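Student: I would like a close look at a single part of this model. Please take one strand and its partners, then add whatever can be said on buried charge and on cysteines.

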Amino acid sequence: MAKTTRGAKTAKGGAGTPQSVIQMAKEKGTQFVDFKFVDLPGIWQHFAIPINELTEEVFSEGLGFDGSSIRGWKAINESDMLVIPDPVSAFMDPFFALPTLSLTCSIQDPITREDYNRDPRSLAARAVEYLKSTGIADTAYFGPEAEFFVFDDVRFDQNSHEGYYHLDSVEGRWNSGRQENPNLGYKIPYKGGYFPVAPADTQADLRAEMSATMINCGIAIERDHHEVATAGQAEIDIRFCPMLTCADQMMLYKYIVRNVARRHGQTATFMPKPLFQDNGSGMHTHQSLWKGGKPLFAGSGYAGLSEMALYYIGGLLKHAPAILALSNPTTNSYRRLVPGYEAPVNLAYSQRNRSAAIRIPMYSPSPKAKRVEFRCPDASCNMYLAFAAMLMAGLDGIQNKIDPGKPLDKNIYDLAPEEAAKVPHTPGSLEGALSALEKDNAFLLRGNVFSSDLISTWINYKRENEVDAVRLRPHPYEFMLYYDV
């Protein structure tokens with residue numbers, strides 16, 4: 001297994017060498033160094049050391065920790081692991097009271113010094129190396145459009161005799177008649193949240209602070225805006241960048257969104273479908289391949305695409321059910337992936353048509369702007385695993401010249417029933433996606449990018465801790481339906 005790949009530029013100020021990071025720490029008056037890494041489900045973990053413990057050797061020798069306490073990782077009898085910090089990832093963490101330098105890390109086995117095969121960041125690095133080894137391209141650019149909600153209050157619980165959740169937002173349409181002393185109105189209608197100005201949009205300053213914090217930490221931001229749903233649905237778009245860098249940046253993105261919201265007494269969630277009868281939150285993911293500084297997806301085919309781009313689409317569509325086990329990895333993901341609400345449940349491609357799972361944006365005629373937008377994913381995913389799976393599927397399409405079929409430029413939801421029945425759909429549940437991954441994963445194993453161990457661990461973890469856990473519990477609405485049967 002390959003050694004850790006470094007060099008994913010994630011943040012401003014990290015010049016890329018251990019010496020420059022240590023010098024940066026001195027100049028910033030750093031007192032602590034925070035080491036961040038991602039567990040199997042996709043949540044950042046961390047620990048900190050005093051600045052005097054940071055030496056050049058730490059970047060090569062790593063620091064030990066107990067891997068058995070991390071979800072989906074080592075057993076108790078083989079728990080020792082190493083974090084290997086990436087010097088290019090250095091940034092000053094804006095959420096600590098004392099000056100703290102942050103470093104993003106990959107994980108190694110302390111005995112073999114090989115990348116740990118269940119470490120998502122190392123896996124994404126292997127996907128990049130595999131791409132280069134094919135000779136097809138040397139860079140995969142990714143540009144995700146993550147959506148999220150910012151609420152003013154959240155309460156939930158589940159035990160043997162009750163289960164409930166309660167969300168609230170001053171913007172929520174349901175609060176139009178609430179006594180607020182005074183209630184000033186301007187509540188955003190259901191499905192009416194796309195681009196309203198203040199006073200209806202109450203979170204413009206909050207999003208601006210999130211964006212400014214991201215920029216200060218080295219993330220290039222393209223835009224921010226209120227999204228379609230009522231009650232504080234938002235979107236902040238980062239500029240496309242190389243795949244591993246993009247995954248690093250999206251981890252930092254989620255960290256900043258949550259902590260800026262908390263700073264203002266609010267709470268942010270990337271849960272795909274927190275509200276009933278309104279739009280869910282997705283993460284449309286733009287992708288393109290480049291080689292030698294030249295874009296490879298521009299051509300003379302449909303929607304200005306190259307033959308390579310069409311084959312890439314073919315791979316995404318063929319393997320989409322399996323990809324969704326990684327890109328839409330929660331039971332709640334499939335509350336969003338239902339017909340309507342612009343949900344991309346139809347496995348087809350089209351230019352401009354937002355009801356297709358794959359869209360070819362037509363905003364610019366420049367070859368550099370030619371890309372493929374996979375609309376299924378949501379930001380509950382482990383970014384490293386999801387991006388790597390999409391790339392591997394696209395490469396499989398190119399290598400095997402998978403025909404994506406004819407584009408579908410009609411409104412899919414207006415098709416006649418017999419015509420609509422011919423369009424394949426995404427899985428209807430997490431269990432369905434996991435079963436698809438179980439059957440279709442050979443494309444992920446090429447180049448030792450994914451391992452059979454990681455895939456089986458992922459499937460078993462998701463079934464035991466999420467699918468079965470939800471299936472075993474009565475749903476509140478079942479009492480509405482069945483209490484008096």
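Tutor: What follows covers one strand with its pairing, then a buried acidic residue, then the cysteines.

The model is predicted. The strand chosen is β14, which spans residues 283-291. Eight of its nine residues are buried, so β14 is largely enclosed by the rest of the structure.

Its pairing can be taken partner by partner. With strand β7, residues 139-151, β14 pairs in the antiparallel sense, and eight bridges connect the two. Within the β14 and β7 pairing, His 284 of β14 stands opposite Glu 145. Strand β18, residues 372-374, is also antiparallel to β14, and three bridges join them. There, Thr 285 has Phe 374 as its bridge partner. Strand β15, residues 294-295, is joined to β14 by two bridges, and these strands run antiparallel as well. In the pairing with β15, Trp 290 is opposite Pro 295. β14 and β15 make up a hairpin with two residues between them. Gly 292 lies in the turn and has a positive phi of about 60°.

Next, the buried charge. Asp 119 sits in the loop between β6 (100-108) and α3 (120-134). Asp 119 is buried and yet has no salt bridge. The nearest side chain of opposite charge belongs to Arg 126, 6.7 Å away, whereas a salt bridge requires a side-chain nitrogen of Lys or Arg within 4 Å of a carboxyl oxygen. What the side chain of Asp 119 does make is a polar contact, at 2.4 Å, with the side chain of Ser 122. Leaving aside neighbours within four places in sequence, Asp 119 is in contact with Val 38, Trp 73, Ser 106 and Ile 107.

Last, the cysteines. A search of the whole structure finds zero disulfides. For Cys 217, the closest cysteine sulfur is that of Cys 241, at 15 Å from its own sulfur, which is too far for a bond. Cys 217 counts as buried because its relative accessibility is 2%. For Cys 246, the closest cysteine sulfur is again in Cys 241, at 4.3 Å, and this too is too far for a bond. The cut-off that matters here is 2.5 Å between the two sulfur atoms. Cys 246 has 0% relative accessibility, so Cys 246 also counts as buried.

Terms used. Residues are numbered from 1 along each chain as its sequence is written. This is a predicted model: local features need pLDDT of at least 70, side-chain atom pairs count only at pLDDT 80 or more; totals for chains, interfaces and linings use all residues. Side-chain values use heavy atoms; hydrogens and water are left out. Buried means under 20% relative accessible area, exposed over 50%, partly exposed in between (1.4 Å probe, protein chains only). Helices (H or I, at least four residues) and strands (E, at least two) are DSSP runs, numbered from the N terminus. Two strands pair if DSSP finds at least two bridges between them. Lys and Arg count as positive and Asp and Glu as negative; His and the chain ends are not counted. A polar contact is a pair of N or O atoms within 3.5 Å; within protein, one must be able to donate a hydrogen and the other to accept it, and residues adjacent in sequence count only if both atoms are side-chain atoms. Contact means heavy atoms within 4.5 Å.
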